[in-house]
Structures are given as C-alpha cells and as structure tokens.
Amino acid sequence: MAQTTSLKRTVNPAYYIVCEGKNTEPDFFYGLTRYLVQGGYINNKNQIRIYPTPVAQIDAARGQEESTRRGSYSGKKRTTKSVCIPDEKTPPGPQPLNWVVNAIQTLDANEGIDIAWAVFDKDGHPEAEAAFNKAAEARASGKEVHIGFSSISFEQYLLLHFGFYTHAFSKSKCINGYAGRKEFWPISRGKKVDFDRFKNKLWTGVYNAKLLRILKGEGDGIKIWEINPYTTVDKLVSSLLGYTELKLDAPVSVAHFTVTLQKDALLIGRYGNGSQIINKRMFSYLHSEDTGQTFELGAKLLSPGEQHIIPLSQFGEKALVALEVDYKHKVFFLV
C-alpha cells in the first residue's frame, strides 16, 4: 500500500533562512512569517529564524518600545529595555558558497532547527556551482539544507506574483524599474518590502515560478545558475505554507479525503466513517494554465473507500494543474 502524506501539519518544523540580501529578502520572509502566524499555518514566529535580522522586525520592535513608553499610566514611571540592533556580519568565504556553509553550520549547531535554507542570486558570484554541490552533499548525508535561488535578484521572484514574466532582465534595478512603472511596488533606495502587496498573491508567485521552471528546465544535470530568468524561492514559500506538489502514486490526505495522482487520472477518495459530499468549498477549483480553463467539481457523494476519478486528458498536455482544498491547502501537479 502506498504511503499517504497528510497536508495538515501536526508538528511544525523550525526553519533557518540565511539571506544574501540585507533588506528585501529578510523583510519579505519576516512579513511571510507574520502572515503564517496570523493565518494559523505555524504556531509562533520563533519557528522561523531569519538572518540577517529583518529591518522590518527591528522597526516593529522600535515602534512597540515607543508605544510602550507613551502608554505609561499617569503617575507611574515605566521603563523599557532599548531595542538591540544585532551586529551581524557576512559569513566568511567566497559567495555564494558561504551562505550554504552558514546554513549547514547553523543547522548542525542548533538542535531546535530542522530545516535550513540559503537564499541568494547569481549576481556574478564565482562559486555558484560549488554552493549547489555543497547543499546536495548535505542532503545526501540526511541534512535538510536547501537553496532558494534567483537568477538575477530576489526581485525576479517577487515579479512573478504579478504575472508570468519570462524576460531576461540583466540587473536587479531593471526589474525594480519595470515593477515601479507598473506600480507593482515603489522604487526606493532602502528597498523596504511592503508585504501587504504580496500576501494575497502568494499562490500566484508559487504557480508562476513553477511554470517558469517547466519552461526553462529542471531536474538533475540542469545548471540552473546559468539560466535567466530562473528561481526556486517558491519551493521555500511552498514548504512554509504547506503547499504540496503531487508525485505519481503518492497519495496525500486532507479533511478525510485522499488525493492521488496516477498516470492517466487524478483520484479523490474518502476515508474514515460516514459519507461526505465533494463540493466547491472542499475542492474549489482545478485550473490548467496550458488551456486556460477552470474546472469545477460538481457536488458528489463519496462513501468510505469510494473514489472520484478525474481523467487527466481533459487538462491538455504539459499542463500545470492546481487543486485548492478548503480555501487554504493547495496541491499541484504537472500532467
């Protein structure tokens, strides 16, 4: 019997994310962390440690301290501890290998961290291939070490939240200039990220990044550090959000249903006691980017052990299909 993976987390892993950038990347992941806590995806913000410390996090702490000072009760003197700005230095060694080494060392030194990610871009770094090889060696030894890569800059991934863009920008300022003209985000020297501009587009970013890799190629032997545009940051975001890519004949379970991808069909099965109706609330859409069509599941009563079969032929060839479950969980697969 095939092993079933549950989409609903029972134990949340702890993440360490080391970023090459000092502003954009840390601020984005800080905003995402707050979003995850507020949405109930993770238990608390301490499950995600970001290096360097996000500027937005420091600003928020300063604002909280100032609010505490101003909120002192009349007649009472209240003291607060000053916000400490950490003295964080770039990990030593050639870039971007140093970020991967830092991720491995931090994972080894902290029992409370389960998964480590190094987030960087090509940016002319000489040791890109060595960085990917180092991460692969760590995974081969059983360590959860991964890379969130973008070909030119992290903004390449941010841009995909607003559409499917395949233009090969030569510099990050070109991406920012284009985004500014389109009013996706403002052009600023400080590069502070307003996460509110992205929080309702997270799935779009993940979806378009996956489509981009399908177009450009992925898998063993692909030198992704030589491809432009390209990004794998969506894999980190998907992991944090609990988005799942279906693998052939590997069922996943959610809300008393199983979803299984087979060679020619998608199977939705019912397990547990009693029958239940499949409806739009439980499985709200099936979408094929290849054909541009949206497929909605009609109401159907499923009894325990019964399966609803959806032929993959209706999605077209090389289609990326997404299935949203209960408004939060998403699974996707390539036909």
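Just after helix α6, residue E183 takes a positive phi of about 60°. The structure described here is a predicted model. Helix α6 itself covers residues 172–181, and its buried residues are I175, N176, G177 and A179. These buried residues pack against α5, which spans residues 155–159. In general, an α-helix has 3.6 residues a turn, so residues three or four places apart point the same way.

Beyond E183, the chain continues into the loop between α6 and α7, where I187 lies. Residue I187 has a relative accessible area of 58%, and because this value is over 50%, I187 is classed as exposed. When neighbours within four places in sequence are left aside, I187 is in contact with N176, G177 and G180. Two of these partners, N176 and G177, are among the buried residues of α6. The C-alpha atoms of I187 and K173 are 9.1 Å apart in space, while the two residues are 14 apart in sequence.

Helix α1 comprises residues 24–39 and includes D27. The relative accessible area of D27 is 3%, so this residue falls under the 20% limit and is buried. Apart from neighbours within four places in sequence, D27 is in contact with P54, V55, A56, K192 and V193.

The structure contains 6 salt bridges. One of them joins D196 and K199, with the closest N and O atoms 3.4 Å apart. Residue K199 is partly exposed, at 31% relative accessibility. Another salt bridge is formed by the side chains of K210 and E245, with an N to O distance of 3.0 Å. Because K210 lies in helix α7 and E245 in strand β6 (residues 244–245), this pair ties together parts that are 35 residues apart in sequence. The two partners fall into separate accessibility classes: K210 is buried, with a relative accessible area of 6%, whereas E245 is partly exposed, at 28%.

A further salt bridge connects the side chains of D234 and R213, at 2.5 Å from N to O. This pair links distant parts of the chain, since D234 belongs to helix α8 (residues 233–241) and R213 to helix α7, 21 residues apart. Both partners are buried: the relative accessible area is 2% for D234 and 3% for R213. Shared partners also join K210, E245 and K247 into one network of salt bridges.

The surroundings of R213 can be described further. The side chains of R213 and D234 are also joined by a polar contact of 2.5 Å. With residues up to four places away in sequence not counted, R213 touches E218, Y230, T231, T232, D234 and K235. Residue R213 therefore combines a position in helix α7 with a relative accessible area of 3%, which places it among the buried residues.

Aromatic rings were examined next. A pair of aromatic rings is described by the distance of the centres and the angle of the planes. Across the whole structure, 22 aromatic pairs are found. In one of these, the ring centres of F28 and F29 are 5.4 Å apart and the planes meet at 85°, so the pair is edge-to-face. The angle exceeds the limit of 60 degrees that is used for this class. Both rings belong to buried residues, with a relative accessibility of 0% for F28 and 1% for F29.

Another aromatic pair consists of Y35 and F195, with 6.2 Å from centre to centre and 55° between the planes, and this pair is tilted. The pair links distant parts of the chain, as Y35 is in helix α1 and F195 is in the loop between α6 and α7, 160 residues apart. Residue Y35 is partly exposed, with a relative accessible area of 24%, while F195 is buried at 8%. The loop that holds F195 is also the loop in which I187 lies.

An aromatic ring also takes part in a contact with a charged group. The charged end of R270 sits over the ring of F257, at 5.9 Å from the centre of that ring.

How values were computed: Residues are numbered from 1 along each chain as its sequence is written. This is a predicted model: local features need pLDDT of at least 70, side-chain atom pairs count only at pLDDT 80 or more; totals for chains, interfaces and linings use all residues. Side-chain values use heavy atoms; hydrogens and water are left out. Buried means under 20% relative accessible area, exposed over 50%, partly exposed in between (1.4 Å probe, protein chains only). Helices (H or I, at least four residues) and strands (E, at least two) are DSSP runs, numbered from the N terminus. Contact means heavy atoms within 4.5 Å. A salt bridge is a side-chain nitrogen of Lys or Arg within 4 Å of a carboxyl oxygen of Asp or Glu. A polar contact is a pair of N or O atoms within 3.5 Å; within protein, one must be able to donate a hydrogen and the other to accept it, and residues adjacent in sequence count only if both atoms are side-chain atoms. Rings of Phe, Tyr and Trp (its six-membered ring) pair if their centres lie within 6.5 Å; planes under 30 degrees apart count as stacked, over 60 as edge-to-face and the rest as tilted. A charge sits over a ring if NZ of Lys or CZ of Arg is within 6 Å of the ring centre and within 35 degrees of the ring normal.
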